[in-house]
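Colleague: I am new to this structure and would like to learn how to read its features one at a time. Could you take me through them, giving the general idea before each case?

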There are 2 protein chains.
Amino acid sequence: MKLYDASRAPSPRVVRVFLAEKGIDIPLEQVDIVNADNRKPPFLKINPMGTIPVLELDDGRHIAETIAICRYFEAQQPDPPLMGRDAREQGLVEMWRRRMELEVAMPIAQVFRNTSDFFKGRIPQSPEWAEICHGHATKRLEWLDNVLAGQPYIAGEHYTIADIQAMVGIDFGRVVDIRPDADAHPNIKRWHDSVSSRPSAKA
Amino acid sequence: MKLYDASRAPSPRVVRVFLAEKGIDIPLEQVDIVNADNRKPPFLKINPMGTIPVLELDDGRHIAETIAICRYFEAQQPDPPLMGRDAREQGLVEMWRRRMELEVAMPIAQVFRNTSDFFKGRIPQSPEWAEICHGHATKRLEWLDNVLAGQPYIAGEHYTIADIQAMVGIDFGRVVDIRPDADAHPNIKRWHDSVSSRPSAKA
């Protein structure tokens, strides 16, 4: 078993932090995304979508998609639970995780994809869409600050995959100058300091 | 327990089909999206994101996000399994479900959101982004046809939530004139006929 990784990209960091919280150690193999190796035939045989991370199982099958990989490990090793314990928690954690992905991390990623030199010539870009996503992400940070005024973690009382998704998404926001402001977003600041101080955050 | 539903929108249809496959019957409450009731304060108290469906639990808590609601019911009633049985299957089904959501259903939805009169004045629109998404969805249908040449269902040998996600996404494509072509996509056609003939498809 090994994980195809790209050490500077946000999505594989979600899996690395998740595994660190579980205490699971597996070999990592770096894919050179600067050289676009993930968009070339050898890697596209592993994952036709060209996305990283990808988990290679011992039977040779590949599981792509960050959250699918986390789901595999959550089922393999339920402790500590990061995706909810019972049905109710599983539903609520997945709701919060998706909000962090779709409302925070994805708009930030879209700003980067649609404006950066890194993606120029690799994918079609729309600066107009980047601007819409920038506004969306900014508005959602305000909303998130209010959420965190009432609860210590994204999904409530416990640290979960929703915190990992949010931390990685927000940290990546720096590359497009979207970042929580200590004055305007004191609750995000308090939460971010807390989750960033966990040893797993360095994974 | 009840489900906030919008009978003509794609996301709540995913949950209705999922529940029909499980044989679970719960009360539905329609939200008038034509009148934008989902974007007004009473509904925003239930789900600040304004999205439908939302599941109201008996304890008054709300689970929003289509897949989070499905996850809740999968944990409550594992049979028939629609999200994978063991860890390996759970990972693979989630990978395929996400591909259907992110690579097929979401680009189609983005074309609609960024071009339709329905969303004019409700959200900022980018026709430029719609065009990029139109190209992306079209390309992914070609890829999907090749996938379905080798397996009966989206995630392999069994009908799963990935089929529901794909069917609902592709059916919604009609509103923006993105649809599989019986000549160009014979495998999608065969699969689509099969999943559409299940009684659940009418839910």
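Colleague: Does A:Glu65 count as buried or exposed, and how many C-beta neighbours does it have inside 10 Å?

Modeller: A residue is called buried if 20 or more other C-beta atoms, placed from the backbone, lie within 10 Å of its own, exposed if 12 or fewer do, and partly exposed in between. A:Glu65 has 25 C-beta neighbours inside 10 Å and therefore counts as buried. A:Glu65 is placed in the loop between strand 4 and helix 3 of chain A, where helices (H or I, at least four residues) and strands (E, at least two) are DSSP runs numbered from the N terminus. Before we go on, note that this is a predicted model, in which local features need pLDDT of at least 70 and side-chain atom pairs count only at pLDDT 80 or more, while totals for chains, interfaces and linings use all residues. Residues are numbered from 1 along each chain as its sequence is written, and chains are lettered from A and ligands numbered from 1 in the order in which they are written.

Colleague: What is the phi of A:Glu65?

Modeller: Most residues other than glycine have a negative phi, and most peptide bonds are trans. A:Glu65 has a phi near 80°, which is a positive value in a residue other than glycine. B:Ala36, also not a glycine, has a positive phi of about 60°, and B:Ala36 sits in the loop between strand 2 (28-30) and helix 2 of chain B. With 14 C-beta neighbours inside 10 Å, B:Ala36 counts as partly exposed.

Colleague: Which peptide bond of chain A is described as cis, and what is its omega?

Modeller: In chain A the bond from A:Ile52 to A:Pro53 is cis, with omega near 10°, and A:Pro53 lies in the loop between helix 2 (41-46) and strand 3 (54-56) of that chain. In chain B the bond from B:Ile52 to B:Pro53 is cis, with omega near 15°.

Colleague: How should I read the overall build of chain A, and how many helices and strands does it have?

Modeller: Chain A comes to seven helices and four strands, which follow the pattern β-α-β-α-β-β-α-α-α-α-α along the sequence. The radius of gyration is taken over C-alpha atoms, and the globule rule is 2.2 Å times the number of residues to the power 0.38. For 203 residues a compact globule would have a radius near 17 Å, and the 17 Å of chain A agrees with this. The C-alpha trace of chain A spans about 45 × 45 × 30 Å along its principal axes, and buried residues make up 47% of its 203 residues.

Colleague: Where do the domains of chain A begin and end?

Modeller: Domain bounds come from an automatic or database domain assignment, which for chain A gives domain 1 (2-76) and domain 2 (87-202). Their C-alpha centres lie 21 Å apart. Two residues are in contact if their C-beta atoms, placed from the backbone, lie within 7 Å, and nine residues of domain 1 of chain A are in contact with ten of domain 2 of chain A. On the domain 1 side, the largest share, seven residues, comes from helix 1 (residues 10-22) of chain A.

Colleague: And how many residues of chain A are in contact with chain B?

Modeller: There are 29 residues of chain A in contact with 30 residues of chain B. Helix 4 of chain A supplies the largest share of the chain A side, ten residues. By class, that side has 17 nonpolar, four polar and eight charged residues; here Ala, Val, Leu, Ile, Met, Phe, Trp, Tyr, Cys and Pro count as nonpolar, Asp, Glu, Lys and Arg as charged, and the others, Gly among them, as polar. Since 100% of the interface residues of chain A are also interface residues in chain B, the copies meet through the same surface.

Colleague: What turn lays chain A on chain B?

Modeller: Copies are superposed by least squares on the C-alpha atoms of residues with pLDDT of at least 70 in both. Chain A can be laid on chain B by a turn of 180° and a shift of 0.0 Å along the axis, with an RMSD of 0.0 Å. That is the relation of a two-fold axis. The C-alpha of A:Trp129 is the nearest to the axis in chain A, 3.0 Å from it.
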